[in-house]
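Colleague: I am new to reading protein models. Could you take me through this one?

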Amino acid sequence: MSLLEISSFAAGQWVAPGAGARNIASAITGEVIASAGNDALDVRGMLDYARTVGGANLRKLTFHDRARMLKALAGHLNQHKQALYDLSFDTGATQSDHMIDIDGGIGTMFVFASKGRREMPDAHVYLDGDVEQLSRNGTFLGQHICTPLRGVAVHINAFNFPVWGMLEKLAPTLLAGVPAIVKPATNSCYVTELAVKLMLDSGILPEGALQLVSGGLGDMLDHLTMQDVVSFTGSANTALKLRANPVILENSVRFVAEQDSLNASILGPDAQPGTPEFDLFVKEVSREMTTKAGQKCTAIRRIIAPQAQVDAVIEALSARLAKTQIGDPRLETTRMGALVSNSQKRDVLEKAAIIGQEAERVFGDPNNFSVDGADAEKGAFVPPMLFHCADPDNASRVHDTEAFGPVSTIMGYRDLDHAIDLANRGQGSLVASVITHDPAVARDVAIGAGAYHGRLYFNNRDSMKESTGHGSPLPHMVHGGPGRAGGGEEMGGVRGVKHYMQRTAIQGSPDILSAIGEKWVPGGTEIEGPAHPFTRKFGELSIGETLHTAPRTVTLEDIETFAHFTGDTFYAHMDDDAAKRNPFFPGRVAHGYLLLSFAAGMFVQPDEGPVLANTGLDNLRFMKPVSAGDSIKVRLTVKKKTPRNEEYGEVRWHVTLTNQDDEIAAEYELLTMNAY
Ligand code: NDP
């Protein structure tokens, strides 16, 4: 078989391996299949190219443009995923492992594409939170905004997820408007290289948005500036070394780390053998131990069960693990493939031996196990290994040694506080799970363990059919953890995009804030349109365009009619004495919904026109009661416009109802879909 030459993509050119290239072996056969790396790579040129070409191109686009780009990229990868599957087997991964890495990565990109369209503006500035009132009369306000960093994101990834590991970082980076240089782990970089080639060949990305380093990074990190970000996944040792780089420290370069973690899973005190929770626990633990041959940053390393159930868990788990067919991942019957390399195998066996100093191996023998369709000696195969630690309080290595393979240690707990204490002994993890049907147990764990874990996963009979698994980081939720897990945070929806943007506190007048945010701020200039705004198409409406209605007097008859028509005869609208006893009302008052209905009647233009539908109402507040005899009027202002598809866009209107004394009776935002 000819050796694959894994190239880098630098400043618009593919660069083949050269001096300093490293050989890469198949995880299944141990034979060299590829080489990658080139000491002559112009890393400074790559950084410059990303900053000047990629960044400038990406920043021309709005968040929605970039979200559409992500959707197209994910769709393109989806069409070509078979080629990625085919190549991935040599990393030791099975077809179901590919689903997590390749389909999971593509799915993550789709979620960011959709969140970008739904939760971010079709603009260049992201508004973070609401307007802050900084002055009595509202002429001086505050607003936090986020704008893309002007540098480059350097993504250093681990070997275990060559596709997901890249895409989960790339999607929020590109959505933010920042170019990326991706450096996959050399052991599995041939899969990442193909995914990068597919994305570049699709022509979807603007020039300079994505570059690839296959092999070593050289001295790239020595040339980073305060506008750059490093996002790292891998071992704690490497993270410490890289984040201690003097240039990174001196320039306060953002450094996001996701590293080893001694994740735990707790069997709830209620989950006795025979309950659906007990079976679920055994299933989840065995799946976490064997998926990707245990090479998952989120895998369960410590199994924490009630002391009385430890034997039952060992028995049930061993029976399940015994059914795990180990072998060539290309075989359909194989349930667990190989570790990524023989050096990882050595590392896992060394770490298992360290755990063995404090715990007894109760399942799995690395010197005696069968491998289907491959040579157990040549490939990086190990069996699942279960250890039992009888004295977890006095043990330390079981709480701090990560064997990055199918290795886990069970330990018993006396009561829930003890279980929480053991879970927290990991000194910071990416995820801890609790299998319980008792909400009070869940609450105690959330309060007692939340500060030590980036994610808490609760599962039981009610959620098990739809739950996504202890080990699956989801694009909607944060991934990362405190302490040992690296202290970083990735994904979590738009939160993850903000890691690649600068948050800036803006202070100024309503017009200044309206212009920066492309969103009208109350107190800002009102624009008088040439015609009723409901007669104007989406593209014709200006931000700030305002309609003031004529006043309408609310009568007692209106209140009576509305009450009997709708059935809402609540005493505050019907009984003057009772209403007066209520601290909120001066006497009988109009229904809030009557006021909203009147408002619609006052601002509507009834003819068929560009307003297609009323799709909702946000942030409604009733501020001042309206009594019979009061007169109300409405101000309707175009606050924000968001294109939705080729035919129409959403208009967000600011609506204020005031009484005869210009006091605000109600305020809300009305949403309509308007034709272009
Ligand atoms: P490393 O920390 O060695 O590597 C992670 C990434 O960092 C790789 O891309 C690697 O590149 C890169 N890297 C290493 N040294 C440097 C450097 N000096 N400058 C720039 N980049 C560098 O982890 P491994 O992949 O070797 O795995 C070792 C152990 O780490 C595992 O056994 C496991 O315990 C842990 N690990 C934890 C993960 C987690 O998510 N919790 C994921 C993966 C590993 P290259 O491959 O070219 O060396």
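What follows is a set of short questions and answers on sheets, helices and the ligand site.

Modeller: This is a predicted model, in which local features need pLDDT of at least 70, side-chain atom pairs count only at pLDDT 80 or more, and totals for chains, interfaces and linings use all residues. Residues are numbered from 1 along each chain as its sequence is written, and side-chain values use heavy atoms, with hydrogens and water left out.

Colleague: In which order do the 7 strands of the open sheet run?

Modeller: Helices (H or I, at least four residues) and strands (E, at least two) are DSSP runs, numbered from the N terminus. Two strands pair if DSSP finds at least two bridges between them. The pairing in this open sheet is mixed, and the strand order is β15-β16-β17-β14-β13-β18-β19.

Colleague: Which strands stand at the edges of that sheet?

Modeller: Look for strands with a single partner. One side of each is left without a neighbour in the sheet, so the edges are β15 (360–363) and β19 (456–459).

Colleague: What is the bridge partner of V434 in β19?

Modeller: Strands of a sheet pair through backbone hydrogen bonds, either parallel or antiparallel. Strand β18 (residues 432–435) and β19 run parallel, joined by 4 bridges. In β19, V434 is partnered by F458.

Colleague: What angle does the direction of α13 make with that of β17?

Modeller: Helix α13 packs on the sheet and touches β13, β14 and β17. Contact means heavy atoms within 4.5 Å. Axes are lines fitted to C-alpha atoms, for helices over the stretch in contact, and angles run from 0 to 180 degrees between N-to-C directions. For α13 and β17, the angle is about 150°.

Colleague: How many of the 9 residues of α13 are buried?

Modeller: Buried means under 20% relative accessible area, exposed over 50%, partly exposed in between (1.4 Å probe, protein chains only). The buried residues of α13 (416–424) include L416, I420 and L422. They pack against several elements, among them α12 (397–400) and α14 (439–449). The buried count is 7.

Colleague: Are the faces of β13 covered or open, and which residues are buried there?

Modeller: Strand β13 runs parallel to β14, and 3 bridges join them. One of its residues, S265, has I303 as bridge partner in β14. Both faces of β13 are covered, with A264 and I266 buried on one side, and on the other S265 and L267.

Colleague: Which residue in β5 stands opposite I24?

Modeller: Another open sheet has 3 strands in the order β1-β5-β4, with mixed pairing. Its edge strands are β1 (4–6) and β4 (22–25). Strands β4 and β5 (residues 32–36) run antiparallel, joined by 4 bridges. Opposite I24 stands A34.

Colleague: How many disulfides does the structure hold?

Modeller: A disulfide is a pair of cysteine sulfur atoms within 2.5 Å. C146 counts as buried because its relative accessibility is 1%. C389 is also at 1% and counts as buried. The number of disulfides is 0.

Colleague: Which residues are the closest to the ligand?

Modeller: A residue is near a molecule if one of its heavy atoms lies within 4 Å of it. For S235, a polar side-chain atom lies 2.7 Å from a ligand oxygen atom. For T238, the distance to an oxygen atom of the ligand is 2.7 Å. Of the 26 residues that surround the ligand, the closest are N157, T186, S235, T238 and C297.

Note on methods. A polar contact is a pair of N or O atoms within 3.5 Å; within protein, one must be able to donate a hydrogen and the other to accept it, and residues adjacent in sequence count only if both atoms are side-chain atoms.
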